[in-house]
Amino acid sequence: MQYLLQGFQVLIKPGYRRFILIPLMANLVLFVALTIFMVGLFNDSVGWMLGFVPDWLIAWAPGFFGFLDGLMFVLTSILFLVIYGLSFSAISNVFAAPFNGMLAEKIQREAGLDFPEVTTSQMITRTLSREFKKLIYFIWYGLWVALFLFILSYVPLFNLLVPFLAFLWGAWCLAIQYMDYAADSQGQTFVALRTDAKKTLLDTMGFGSLVTGLLMVPVVNIFVMPVAVAGGTLLWLKKVHVTDENFNIESVFNKDTKIS
C-alpha cells in the first residue's frame, strides 16, 4: 500500500502531468471497448459452465443447484475480473510504454540517479522492445499456468482454488511489469529483475496484489497505471537498486539525497 500511496504523492508534484494525460485518454477508450467485450463473454461463460450440471441433479436437489449457481457465479466473477485486469494492463502498457518509461526515469532522476544520454527515439524503441519481451514471458508462462488451472478445475474441492491462484499469478505479473520500467532504464535485464523480485517476494506480491485488485475495478482501473508505474519505481529503488536498510524512501525526493 505504501508504494502506491507514495506513487500518488509523486504524481501530484509539478512536472508530472504530461506523463499522465495521454495515457489516461487512451485508457478511457480501451476501458469502454474491453468492458463491453468482457461483460458479454462473462454472461456466455457462466451459462456454458452451468450447462455441465446434469438435469437429474437439478431436479433432485434444486436447493443445491441454487447454491452451485451462486458459487459458480462468484468464482467465475473473480476469474474474469483477474483476466479483465491483466488484459487491460497488458494492452494499455504497450501503448503507454514510452510515457511510462519517461515517468520512471524522471522519478529516478529526482532521486539522484544518472542515466546515459539517449535520444527520445532510442528510448521509445528500447521501452517498446522491452514491453514485447515482457509480453512473451507473460503469454508463454501464462499458457502453462492456464493449462494447470484448467486441469485443476476438474479436481473436486481443489477447483475452488483456481480463481485465487489466477489472482496470485496476475499479482506477480503486474508487480514485475511496473517495477521493470525503472529496471529497464538502469540497464537491468528482465531476467535479473525477476530474480531480484523473488528475493523480496512479500513486498513484490503485496504490491502486485493491490495493483491487481485495483485493475479489477471498472473506472478505477483507468487511473491505476501511472500510479502503479510510480509505485513500482519506488519499490524497485527501495528493494532492488538500493539494499541499504537505513535508506529512507521518504527522503528520496529531497534535493540532497543521492542514491549510489
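Accessible area is the surface found by the Shrake-Rupley method with a 1.4 Å probe. With that in hand, welcome to the tour of this predicted model.

**Stop 1: the whole chain**

Start by showing the full protein chain as a surface. Its accessible surface comes to about 13900 Å², and 72% of that belongs to carbon and sulfur atoms. Now switch to a cartoon view. You should find nine helices and zero strands, so to speak a run of α-α-α-α-α-α-α-α-α from the N terminus on. The chain has 260 residues, and 47% of them count as buried.

How do residues far apart in sequence contribute to the contacts? Among contacts with a separation of 6 or more, 80% are between residues 24 or more positions apart.

**Stop 2: a nonpolar patch on the surface**

Next, select F148, V155, L157, F158, L160, L161, F164, L165 and L168. Together these residues form a nonpolar patch on the surface, with about 840 Å² of accessible area. Which helix gives the patch its largest share? Helix α6, residues 162-185, does so with three residues.

Now pick out F158 alone. You will find F158 in the loop between α5 (120-152) and α6. Is F158 buried, partly exposed or exposed? Its relative accessibility is 49%, and partly exposed covers the range between 20% and 50%, so F158 counts as partly exposed.

**Stop 3: the second largest pocket**

Move on to the second largest pocket, which has a volume of about 230 Å³. The pocket is lined by 13 residues, and those closest to its centre are M102, E105, R109, V118 and M123. Select these five and centre your view on them.

Colour helices α4 (62-110) and α5 next, as each supplies at least two residues of the lining. The largest share, four residues, comes from α4.

**Stop 4: salt bridges beside the pocket centre**

Keep E105 and R109 selected and show their side chains. The two meet in a salt bridge, at 3.7 Å from N to O. Both residues lie in helix α4, four residues apart, which is about one turn of the helix. How do they compare in exposure? R109, at 42% relative accessibility, counts as partly exposed, whereas E105, at 10%, counts as buried.

Add R126 to the selection. E105 also meets R126 in a salt bridge, this time at 3.3 Å from N to O. Since E105 lies in helix α4 and R126 in helix α5, the pair ties together parts that are 21 residues apart in sequence. R126 is partly exposed, with a relative accessibility of 25%.

**Stop 5: from α5 to α6**

Select D184 and R130. Their side chains meet in a salt bridge at 3.4 Å, N to O. Which parts does this pair tie together? D184 lies in helix α6 and R130 in helix α5, so the pair links parts that are 54 residues apart in sequence. Both partners are buried: the relative accessible area is 10% for D184 and 9% for R130.

**Last stop: the network**

To finish, select E105, R109, R126, R130, E131, K134, D180 and D184 together. Salt bridges that share partners join these residues into one network. Across the model, the count comes to nine salt bridges. Turn the view slowly and trace the links you have met: R109 to E105, E105 to R126, and D184 to R130.

Notes. Residues numbered from 1 in each chain as written. Predicted model: local features only at pLDDT ≥ 70, side-chain atom pairs only at ≥ 80, totals over all residues. Heavy atoms only, no water. Patch = residues over 30% accessible without salt bridge, like charges linked within 9 Å, V, L, I, M, F, W, Y side chains within 5 Å. Salt bridge = Lys/Arg side-chain N within 4 Å of Asp/Glu carboxyl O. Buried < 20%, exposed > 50% of the residue type's maximum accessible area, 1.4 Å probe, protein only. Contact = heavy atoms within 4.5 Å. 1 Å grid on protein atoms, 1.4 Å probe; cavity = no way out; pocket = protein on both sides within 12 Å on 5 of 7 lines; lining within 4 Å. Points joined across faces, edges and corners; volume = space filled by probe spheres on them.
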